[in-house]
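Visitor: Got a minute to look at something with me? I'd like to start with one residue and then move on to how the chains meet.
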Amino acid sequence: MSDPQFVETQYFSFAQAPNELVLKSGVKLGPITLAYETYGKLNTDKSNAILIFHALTGDANAAGWHKDAKNPGWWDPMIGPGKAFDTDKYFIICANCIGGCKGSTGPSSINPATGKPFGLSFPVITIEDMVVSQKYLIDHLGIKKLLAASGGSMGGLMALEWSVRYPDTLQSAILIATNYKHTAQQIALHEVARQAIMSDPHWNKGDYYGKELPAQGMSVSRMIGHITYMSERSMEEKFGRKLQDKEKVGYDFSQDFEVESYLRYRGASFVQRFDANSYLYLSKALDYFDLSEGTDLVGAFKDLKTKFLIVTFTSDWLYPSYQSKDIVRAMKANDLDVSFIEIETSYGHDSFLVEIEGQSKLVSHFLSNVAKNNVNIK
Amino acid sequence: MRTDHKYILEMIVPNSHVLDLGCGDGELLSLLMQQRNCRAAGIEIDEKAIYKCVERGVSVSHGDIDSGLADYSDKRFDYVILNESLQEVMNPEKVIAEALRVGKKVIVGIPNFCNLNARLQIFFLGQVPVTEGLPYKWYNTPNLRFLSIKDFRDFCTERSITIEQECAFDAKGKIAFAHNLLSDIAIFLISKK
């Protein structure tokens with residue numbers, strides 16, 4: 001019996017040979033395992049399901065505590081009984097994306113053909129592939145129509161892709177701190193992070209499993225990431241020019257400032273919790289995504305019936321508001337039901353994880369209105 | 001129900017598609033959805049008001065009116081509402097032109113700057129008037145424009161805009177005659193061929 005105090009990850013496997021999943025690149029991948037968690041209860045007509053997508057380095061543990069865990073799930077303040085994604089009313093699903101390293105099939109998984117980790121032999125995956133693979137999970141759970149799909153950052157891209165790929169399976173979507181294609185600056189920042197990893201000799205062309213990890217490269221890539229997730233103001237408020245464990249600067253290249261110490265700590269802990277190759281694959285997936293590819297953005301939203309809530313944050317310079325406003329504009333041109341808000345906050349891109357009060361109000365009310373006429377959701 | 005909302009509701013045909021520019025906390029749109037079965041959308045600049053709109057189930061976009069209309073195609077809405085917001089926009093002439101482009105009809109609600117009370121305050125006190133419709137001092141008013149009912153009528157005439165209805169009132173109710181002299185607020189239903 002599982003302890004109701006704790007949440008547990010479940011696993012779903014599909015795409016066994018000869019029915020492998022054909023990826024966007026044309027390459028076949030299978031079998032595929034998805035690690036996922038669910039919270040709350042699926043109602044009798046399966047109409048209260050909400051799919052949550054995680055961000056770049058997230059996982060299936062969106063809420064609740066694993067036994068012996070130091071922290072709850074990555075969006076725990078937003079998901080639970082009485083919270084914005086209210087598990088007393090809704091059935092919440094969150095799966096680790098393919099290409100990741102938290103239980104779903106990715107470059108660190110064992111390649112059944114060789115019995116060794118894939119490494120760089122893992123096929124390149126896209127946001128589209130992540131979404132398609134999670135549709136298998138929703139089908140497996142017997143859910144025909146989701147009440148909502150939601151996510152921040154990369155999770156927002158997945159929710160957006162789902163809304164245009166499977167429009168009939170989605171009543172509403174909540175897109176937070178996201179965009180529809182990456183700009184040159186966003187790609188450039190990812191490329192610096194990738195180069196940090198790939199220039200670490202221990203990376204060894206992706207073949208480091210069971211050997212020394214490319215820790216230095218991983219650490220530097222995470223430092224870059226953390227700088228982009230904060231705003232100038234939030235860094236200034238948090239660290240300023242405060243020194244770490246010293247009264248005055250050392251005039252050497254040791255650690256002087258608190259911000260240096262913070263970044264080093266974040267970098268070092270990332271090595272323990274994430275796979276370098278997954279970081280390369282997932283950041284590439286972000287760069288490749290372009291919803292307006294082959295059409296224009298207005299054309300992408302043609303004939304949708306989904307209700308949208310789009311949220312941005314004033315200090316988020318990594319996924320600036322204007323990108324979401326472009327999405328809103330294209331949706332309006334299609335006469336879609338869309339609400340947009342730019343929340344005033346200094347937390348930068350991280351806001352979607354930490355600015356809980358405003359998001360909670362918006363999400364809970366938005367969902368209540370979407371579920372308003374459903375007698376099976378109380 | 002607010003008096004102005006009551007009169008606006010009277011002007012709107014049921015089952016219409018309505019856009020409210022400067023929709024505030026969504027009270028009017030919510031009424032239109034419930035009592036007129038309208039499809040409603042709003043644009044609002046104040047973040048706090050947006051939360052209230054979402055709570056009410058009103059679709060709303062966070063942004064300013066001056067730039068919010070370019071997103072919409074011609075005659076998309078049955079009605080575009082500019083209630084108590086026209087005097088706060090940077091470029092009212094452009095906003096009205098845009099509202100008439102995206103809306104088949106436009107409802108404009110304005111505070112009357114030149115009613116009797118205001119005229120007396122200017123004449124006898126020699127001060128900028130503070131009235132029911134314009135309760136602010138010069139230093140804290142959100143209003144960028146000060147106009148009278150007559151000014152708005154002239155504006156429409158000069159641009160071949162048809163005034164289909166004009167409803168003027170004060171705290172006690174509708175004013176039957178001498179709107180420009182006696183009323184605090186006026187609501188116009190306008191259109192352009």
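Guide: Sure. Keep in mind that this is a predicted model. Let's begin with B:Ile185, which sits in strand β8 of chain B, the stretch covering residues 185-191.

Visitor: Is B:Ile185 buried or exposed?
Guide: B:Ile185 is buried, because it has 26 C-beta neighbours inside 10 Å and the cut-off for buried is 20 or more.

Visitor: Which residues does B:Ile185 touch, leaving aside those up to four places away in sequence?
Guide: Those are B:Asp4, B:Gly109, B:Pro111, B:Asn112, B:Gly133 and B:Phe169.

Visitor: And what separates the C-alpha atoms of B:Ile185 and B:Met90?
Guide: Those two C-alpha atoms are 21 Å apart, with the residues 95 places from each other along the chain.

Visitor: OK, switching to the interface. How many residues of chain B are in contact with chain A?
Guide: On the chain B side there are 13, and they contact 17 residues of chain A.

Visitor: Which elements of chain B supply at least two residues each there?
Guide: α3 (47-56) and β3 (59-62) of chain B do. The largest share is from α3(B), with five residues.

Visitor: What's the chemistry on that side of chain B, in terms of nonpolar, polar and charged?
Guide: It splits into five nonpolar, five polar and three charged residues.

Visitor: Last thing: what confidence values come with chain B and the complex?
Guide: Chain B has a mean pLDDT of 94, with 100% of its residues at 70 or more. For the complex, the predictor gives an ipTM of 0.92 and a pTM of 0.95.

Notes:
Residues numbered from 1 in each chain as written. Chains lettered and ligands numbered in written order. Predicted model: local features only at pLDDT ≥ 70, side-chain atom pairs only at ≥ 80, totals over all residues. Helix = DSSP H or I, 4+ residues; strand = E, 2+ residues; numbered from the N terminus. Buried ≥ 20, exposed ≤ 12 C-beta atoms within 10 Å, placed from the backbone. Contact = placed C-beta atoms within 7 Å. Nonpolar A, V, L, I, M, F, W, Y, C, P; charged D, E, K, R; others polar. pLDDT = per-residue confidence, 0-100.
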